[in-house]
Amino acid sequence: MTIIVIAGGLSHERDVSLRSGRRVAKALREAGRQVIEADVNADLVPLLHRTDDPVVVPMLHGGLGEDGALREVLGVLKVPFVGPNGASSRLTFDKSIATSIVRSAGIDAPLQIALPHDIFRELGAPALMDGIGEQLGYPLIVKPSRSGSALGVTKVEEPGQLASALVAAYAYGPVAVIEQFLTGTEVAVTVLDLGDGPRALPPVEIRPESGVYDYESRYTAGATRFVTPAELDDDVLTAAGDLAVAAHRALGLRDISRIDVMVVESRPYFLEGNVAPGMTETSLAPLAMEADGTDVGHVYAQLVDRATARAEGRG
């Protein structure tokens with residue numbers, strides 16, 4: 001087989017995607033696999049057609065990569081790929097839908113309001129502030145419904161800051177999510193399924209120097225301290241892992257995902273899911289893999305084999 005690692009694309013997270021793709025491609029080559037790196041452009045489909053036994057590892061972040069569109073195309077072309085199908089990716093990528101699904105499954109998650117830009121523009125901010133404050137309270141978190149890497153995310157301390165936070169979120173999409181701000185310990189739980197069912201890798205605790213895990217904190221070396229496993233009681237770590245696996249199942253994910261969790265007074269809450277976890281030098285999933293005694297190359301080599309077996313009806 002030939003593994004095609006697709007990275008780049010045209011989303012706001014292109015640079016992060018390219019870094020993730022390069023790392024995964026390098027790790028797979030070191031694991032003895034034949035790898036081609038590709039971007040999303042007019043050459044991609046011809047490349048898939050002329051490659052013998054291609055298997056795709058989608059490392060696109062945001063937009064085209066995590067909204068299910070590329071995965072739908074791969075399904076049409078009958079090209080096996082690592083990760084969830086298009087429908088599950090689409091549900092997970094939209095934070096307003098994902099949170100509703102998770103809450104319906106009995107999983108704790110913050111209260112949330114989804115506000116389309118059209119409604120915000122027509123009704124105006126003043127008409128909405130009081131109602132939002134009464135329902136959710138302050139502080140709040142405002143973020144685009146369909147975006148990643150904390151782009152367009154703002155913490156809102158008081159009503160006067162809400163309108164500008166919404167405008168910032170709308171720069172990344174037509175729907176903003178307004179959510180309860182939870183204070184606690186933020187952890188990222190990578191969920192891995194190599195054929196024996198999904199299991200949680202050791203949770204990674206996130207300690208940003210700025211106090212907010214924003215884009216700069218995520219991708220600037222040294223801006224955030226990561227502790228693996230998180231410095232929480234064993235029963236809390238187990239509860240966070242159980243919640244992540246339950247969310248992974250509820251969203252219909254497969255192979256690998258990352259579930260972001262906030263632990264508030266020993267109780268974990270779902271924040272969001274990621275269908276293509278970052279694999280850069282500052283990403284969280286590789287830290288979880290290392291703590292689990294494995295590495296990126298070993299994991300993705302097994303996931304590629306699993307995707308191939310699935311396409312052949314063997315798994």
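Visitor: Let's start with one residue: in which helix is Val16 found?

Guide: Happy to help, and please keep in mind that this is a predicted model. Val16 has a relative accessible area of 0%, so it is buried. Its C-alpha atom is separated by 22 Å from that of Leu74, which is 58 residues away along the chain. The helix that holds Val16 is H1.

Visitor: What span should helix H1 have at 1.5 Å a residue?

Guide: Helix H1 covers residues 14-30, which makes 17 residues. Its end C-alpha atoms are 24 Å apart in the model, and this agrees with the expected span. At 1.5 Å a residue, the span of H1 should be 24 Å.

Visitor: Which residue with a positive phi follows H1?

Guide: Within H1 itself, the buried residues include Val16, Ser17, Val24 and Leu28. After the helix comes a residue whose phi is positive, near 90°. That residue is Gly32.

Visitor: Now for the whole chain: what radius of gyration does it have?

Guide: The chain contains 13 helices and 13 strands, and its C-alpha atoms fill a box of roughly 60 × 45 × 35 Å along the principal axes. With 315 residues, a compact globule would have a radius of gyration near 20 Å, and the chain agrees with that. The value for the chain is 19 Å.

Visitor: What percentage of the residues of the chain count as buried?

Guide: A residue is buried when its relative accessible area is under 20%. As for contacts between residues at least 6 apart in sequence, 66% join residues at least 24 apart. Of the 315 residues, the part that counts as buried is 56%.

Visitor: Is Ile259 buried or exposed?

Guide: Ile259 is found in strand S12. Among the residues it touches are Val187, Ala188, Ala244, His248 and Phe270, leaving aside those up to four places away in sequence. Because its relative accessibility is 0%, Ile259 counts as buried.

Visitor: How far apart in space are Ile259 and Thr2, C-alpha to C-alpha?

Guide: Along the sequence, 257 residues separate Ile259 from Thr2. In space, from C-alpha to C-alpha, the separation is 29 Å.

Visitor: What volume does the largest pocket have?

Guide: The largest pocket is lined by 32 residues, and Ile141, Phe181, Glu186, Tyr213 and Met262 lie nearest its centre. The lining divides into 14 nonpolar, 9 polar and 9 charged residues. The volume of this pocket is about 670 Å³.

Visitor: Which element gives the most to the lining of the largest pocket?

Guide: Several elements each supply at least two residues of the lining, including strand S7 (175-180), strand S8 (185-192) and helix H10 (215-219). The one that gives the most supplies 3 residues. That element is S5.

Visitor: Where does Pro139 lie?

Guide: The peptide bond from Tyr138 to Pro139 is cis, with omega near 0°. A cis peptide bond also joins Thr228 and Pro229, with omega about -5°, and Pro229 is found in the loop between strand S11 (224-227) and helix H11 (234-250). As for Pro139, its place is the loop between helix H8 (126-136) and S5.

Visitor: Is Lys78 buried or exposed?

Guide: Lys78 lies in the loop between helix H4 (69-76) and helix H5 (86-93). Although Lys78 is not a glycine, its phi is positive, about 60°. Its relative accessibility is 73%, so Lys78 counts as exposed.

Visitor: What value is phi of Ser266 near?

Guide: Ser266 sits in the loop between S12 and S13. With 48% relative accessibility, Ser266 counts as partly exposed. Its phi is positive, in a residue other than glycine, and near 75°.

Visitor: To finish, how many of the 16 residues of H13 are buried?

Guide: Helix H13 runs over residues 296-311; its end C-alpha atoms are 22 Å apart, which agrees with the span expected at 1.5 Å a residue. Its buried residues, among them Val296, Tyr300, Leu303 and Arg310, pack against strand S1 (2-6), H1, strand S3 (54-58), S8, S12 and helix H12 (285-291). H13 is mostly covered, and the number of its 16 residues that are buried is 12.

How values were computed. Residues are numbered from 1 along each chain as its sequence is written. This is a predicted model: local features need pLDDT of at least 70, side-chain atom pairs count only at pLDDT 80 or more; totals for chains, interfaces and linings use all residues. Side-chain values use heavy atoms; hydrogens and water are left out. On a 1 Å grid over the protein atoms alone, a cavity is a set of points where a 1.4 Å probe fits but cannot get out, and a pocket is an open set with protein on both sides within 12 Å along at least five of seven lines; lining residues have an atom within 4 Å of a point. Grid points are joined across faces, edges and corners, and a volume is the space filled by probe spheres set on the points. Helices (H or I, at least four residues) and strands (E, at least two) are DSSP runs, numbered from the N terminus. Ala, Val, Leu, Ile, Met, Phe, Trp, Tyr, Cys and Pro count as nonpolar, Asp, Glu, Lys and Arg as charged, and the others, Gly among them, as polar. The expected span of a helix is 1.5 Å times one less than its number of residues. Buried means under 20% relative accessible area, exposed over 50%, partly exposed in between (1.4 Å probe, protein chains only). The radius of gyration is taken over C-alpha atoms; the globule rule is 2.2 Å times the number of residues to the power 0.38. Contact means heavy atoms within 4.5 Å.
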